[in-house]
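Here is a report on internal spaces, one helix and the cysteines. The structure comes first.

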Amino acid sequence: MEPVSTCKLFGAVRAVSGIRNAIPLIHGPRGCAYHIGYLLKARGGKRIRVLSTELTESDVVFGATDKLKKVIIDADRTLKPELIAVMSSCATSIIGEDIGRAAEEVKGELDSKIITISAGGFESNQGEGYLEVMMALLESIAGDAKPSDEPSINIIGEFRGGPDLKHIVDTLGRMGVSVNCVLTSGSTVGDIEGIASAHLNYSFCDVSGIGPCRFLEEKFGMPFIHHPIPLGFSNTLRFYEEILDHLSIDYPLQDEIGEYAEESDRLRSELEGVRVGIVSGPTRAVALAGFVSELGMKPAVVAMDMIGEYTLENLSGTGVRSEVLVGADLSELEDTLIRNEPEVILGGVAETGFSESLGAPLIDVMHGSALTAGFRGACVTGGRILEAVKSRMCY
C-alpha cells in the first residue's frame, strides 16, 4: 500500500537525463514530465529538461501520433540535442500508441539520433527503466571499435555522478586506467558509440547493469566485473585490485590504503557496536553493510527496494547478520526499524521521517553531494557517522 520504489518511466527518464545533450520526451500528460523532472531536480540540484506531448482527454480518446511527431521535430530543430529518447507513459501504453512507428516516420527529418522506450509506469519498476534505456542505447548506437591503446574501462549502470564518480575516475587515472564511458552519467553519444573500445566493463548496478554487461560480452567479447563497488575501505581495495589485476597494471595500492590505516583504526575504535539501519538500492546496500561491519558497527536492518540476481549472494558474502527487507512497504519498513532500534540510519532524503520519529540521525548516502566512494569517501562517511552518534549522545 505504501511503495518504496517508483515506476519504469522514472527510471527511464533518469537514465537518459545523465547523457549530455540528450532529451527525454514523454508521450503522455504533462504531469508525468513535470513531477519526474521536479523530483530529479530536487535530488540532484540541477536543472533537468523533460519534454512532454501534454496529452489532453481528446488525445487519449482519439490518439495523438501526429502530435508526437510534431513535438519530436520541434525539439530537434529548436533544442538541437544529440539524442531524443521518446518514452510512452501509462496513458499511451494503455491506448496502444505506436511510438516506435512515429519515431521511424520522422527519423529522416532529424539531425539528432532517436530511440524509443516502452515506459508505461505500470509495466515495471525504475530498475527496468534504467535497463531498457541502456539496452536501447547499446543496440542502436554502440558499434565496433578498435581497442584503446591505453588500459581503459567502462562503468555500467551509474546514474548519480557527482563527487563519487569524479573521485573514482580521477583515482583510476592516477593508476593508469582511463574511464572510456560511464553509462549513463556524463556520457556523450560519442562515448556510447565507442563503448566497445574499452578493455573491461564494471557494473555499478546489480539490477540494471548486468544485462548490458552481458550484451557487451556477447557482442564484442568484453569481460565484466560486478562486485564490489568502492564504498568502504575493504570494498575499495578489492575494487581497484580487481581492475588492476585484470589489466595487468603494477601499482602500489597497499601504499595508498596505508595512508588511511590510522583513520580507519580510529573510526573503528569509536564506532564499535553502533547499531545502523541501512535503506538503499541493492548494490549500494550490500557495500554499505560490509563497510559498517568492517568498522565494528552492527547493521541492524538492511532494507532494499529490489534485488538483482547477485544481491543476496553478495550480501551473504559480507558475513553480515541482520534483518533483511526486500521491497517492503513503508509501514513494514518503519515497524522493522522501530523494532531493531538503530542509532543511525544510512539512506536518502526519503528516510527523513523515520529519522525524526526514531530519534536516529540520518546520513544521506544516496543522492547528496558528499563524497562516499573510495578510501577518502570511507573516511568522510565514517566521520559523518561518528559525528552523528556523538550529537545524538549529547542530545
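In this predicted model, helix 14 (282-294) and helix 15 (311-317) each supply at least two residues to the lining of the largest cavity. Helix 14 has the largest share of that lining, with three residues. The full lining consists of Asp206, His226, His227, Pro282, Thr283, Val286, Thr311 and Asn314. By class, two of these residues are nonpolar, five are polar and one is charged. The space inside the largest cavity is about 50 Å³. At a threshold of 30 Å³ or more, the count is one cavity.

Next comes an open space. The second largest pocket holds about 850 Å³. Its lining draws two or more residues from each of helix 1 (8-17), strand 1 (22-27), helix 2 (30-44), helix 8 (162-174) and strand 6 (178-184). Helix 8 gives the most, six residues. The pocket lining numbers 40 residues, and Gly18, Lys46, Phe159, Arg160 and Ser185 lie nearest the pocket centre.

The two spaces can be set out by volume and lining class.

| Space | Volume | Nonpolar lining residues | Polar lining residues | Charged lining residues |
|---|---|---|---|---|
| Largest cavity | about 50 Å³ | two | five | one |
| Second largest pocket | about 850 Å³ | 17 | 13 | 10 |

Now to helix 10. Which residues of helix 10 are buried? Within residues 210-220, they are Ile210, Pro212, Cys213, Phe215, Leu216 and Phe220. The cover over these buried residues includes helix 7 (126-140), strand 5 (152-158), strand 7 (200-203) and strand 8 (224-225). Just after helix 10 comes Gly221, with a positive phi of about 70 degrees.

The cysteines remain. A disulfide is a covalent bond between the sulfur atoms of two cysteines. How many disulfides does a search of the whole structure find? The search finds zero. Why is Cys32 not bonded to Cys90? The sulfur of Cys90 is the closest cysteine sulfur to that of Cys32, but the two are 6.5 Å apart, so they are too far for a bond. For Cys213, the nearest cysteine sulfur is that of Cys205, 10 Å away, and Cys213 is in no disulfide.

Is Cys213 buried or exposed? Cys213 counts as buried because its relative accessibility is 0%. Cys32 has a relative accessibility of 25%, so Cys32 counts as partly exposed.

How values were computed:
Residues numbered from 1 in each chain as written. Predicted model: local features only at pLDDT ≥ 70, side-chain atom pairs only at ≥ 80, totals over all residues. Heavy atoms only, no water. 1 Å grid on protein atoms, 1.4 Å probe; cavity = no way out; pocket = protein on both sides within 12 Å on 5 of 7 lines; lining within 4 Å. Points joined across faces, edges and corners; volume = space filled by probe spheres on them. Helix = DSSP H or I, 4+ residues; strand = E, 2+ residues; numbered from the N terminus. Nonpolar A, V, L, I, M, F, W, Y, C, P; charged D, E, K, R; others polar. Buried < 20%, exposed > 50% of the residue type's maximum accessible area, 1.4 Å probe, protein only. Contact = heavy atoms within 4.5 Å. Disulfide = S-S within 2.5 Å.
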